[in-house]
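Visitor: I have a structure to look through and some basic questions. Can we go over it together?

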Amino acid sequence: MKKTILYLFIFVAAQLLTGFAASTISKLWFPDTDSSTILLISSATCSIFVIILFTALRWCPISRNYIRTRPWATLIWSALFAIGAIIPITWAQEFIPETWRQDLIGETLAEMLKSSEGYFIICMLAPLAEEVIFRGAIIRALTKWWKEKGKSNIASEWYAIIISSILFAAVHANPAQIPAALVFGIFLGWLFVKTGSIFPGTIVHWINNSFAYVMLNLFPTLPIDAKMADYFNGNQLAVAQAVIASLLIALPSLYQLIKTPRCTPHISEI
């Protein structure tokens, strides 16, 4: 548990320090820099720092062993699940009371995603950093800790998955993102335990984050927190059809992933 607290502290501290440094430097030397650019710089700096730190200290061990097994089917099913799960999860969130899912950074996030640099940082670099920390490091540490407490292998892994998912959702610190982050966090944790690698989860994470980028560019006049019906001109039947079609992709993909043999040993790899 001490390692988990340490990892989380380092991540949060890195976010705060890089944000403060980027803001201070921009005010002193680049006063015309807008807030979205400052956040992009701080996010990129934080992500690069934690990736280097966690892999260099082997808190998240990296190797090519997983890719050498040629797990193409697992990667494809993971990607298909991500594609199929986004719309149902987004739609389901609309049933949560609006006061519980206020979007505190929606407009800023939309500005950040308007550039190719923003896409790279938010949709590719940040997901890799978060997988390194929350799956590659925290789940490993928590699983080991629970096993030392005498829990069974399965119980230890699921305790680790649930706790890491709660932490993953909490660090987003934005009510609008927390429900989806919690659901995807559980799936990403399970996928890491199943495959022993952060690579499939990074693909899922990349696709999930890319969805916002795609929707912003396809529907530039709609706000980032638009309801699902807004994308279908208010046609609720079209929404239901989109949800059903998506589930017809997500559920068979999940079934195939469940059938996939478990990989060992459990180390995170790229």
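Visitor: Arg135 and Glu131, buried or exposed?
Guide: Both Arg135 and Glu131 are buried, where buried means under 20% relative accessible area, exposed means over 50%, and partly exposed is in between (1.4 Å probe, protein chains only). This is a predicted model, in which local features need pLDDT of at least 70 and side-chain atom pairs count only at pLDDT 80 or more, while totals for chains, interfaces and linings use all residues. Residues are numbered from 1 along each chain as its sequence is written, and side-chain values use heavy atoms, with hydrogens and water left out.

Visitor: What do the side chains of Arg135 and Glu131 form?
Guide: A salt bridge, at 2.6 Å from N to O. The term means a side-chain nitrogen of Lys or Arg within 4 Å of a carboxyl oxygen of Asp or Glu.

Visitor: Where are Arg135 and Glu131 along the chain?
Guide: They are in helix H6, residues 116-148. Because Arg135 and Glu131 are four residues apart there, about one helical turn separates them. Helices here are DSSP runs (H or I, at least four residues), as are strands (E, at least two), and they are numbered from the N terminus.

Visitor: How many salt bridges by this rule?
Guide: Three. Another one joins Glu157 and Arg262, whose closest N and O atoms are 2.3 Å apart. Glu157 lies in helix H7 (residues 153-171) and Arg262 in the segment after helix H10 (236-259), so this pair ties together parts that are 105 residues apart in sequence. Glu157 is buried at 10% relative accessible area, whereas Arg262 is partly exposed at 41%.

Visitor: And which residue does Lys114 meet in a salt bridge?
Guide: Glu111, with 2.9 Å from N to O. Lys114 is exposed because its relative accessibility is 59%, and Glu111 is partly exposed at 41%.

Visitor: Switching to cysteines. How many disulfides?
Guide: Zero, taking a disulfide as a pair of cysteine sulfur atoms within 2.5 Å.

Visitor: Why no bond for Cys46?
Guide: The closest cysteine sulfur to that of Cys46 belongs to Cys60, and it is 15 Å away, which is too far for a bond. Cys123 is in no disulfide either, since its nearest cysteine sulfur, that of Cys46, is 16 Å away. Cys46 is buried at 4% relative accessibility, and Cys123 is buried at 0%.

Visitor: New topic. Which residues form the nonpolar patch on the surface?
Guide: Trp72, Ile76, Leu80, Ile83 and Ile249, with about 450 Å² of accessible area together. Patches are made of residues with over 30% relative accessible area and no salt bridge; nonpolar side chains (Val, Leu, Ile, Met, Phe, Trp, Tyr) are joined within 5 Å, and like charges within 9 Å. The areas come from the Shrake-Rupley method with a 1.4 Å probe, and for residues only the protein chains shown count as cover.

Visitor: Which helix gives the most to it?
Guide: H4, with four residues. Ile83 is found in H4 and is partly exposed, at 45% relative accessibility.

Visitor: What about Thr74, buried or exposed?
Guide: Thr74 counts as buried because its relative accessibility is 10%. Thr74 is found in helix H4 too, which covers residues 72-93.

Visitor: Which residues is Thr74 in contact with?
Guide: Leaving aside neighbours within four places in sequence, they are Tyr66, Thr195, Leu257 and Thr260. Contact means heavy atoms within 4.5 Å.
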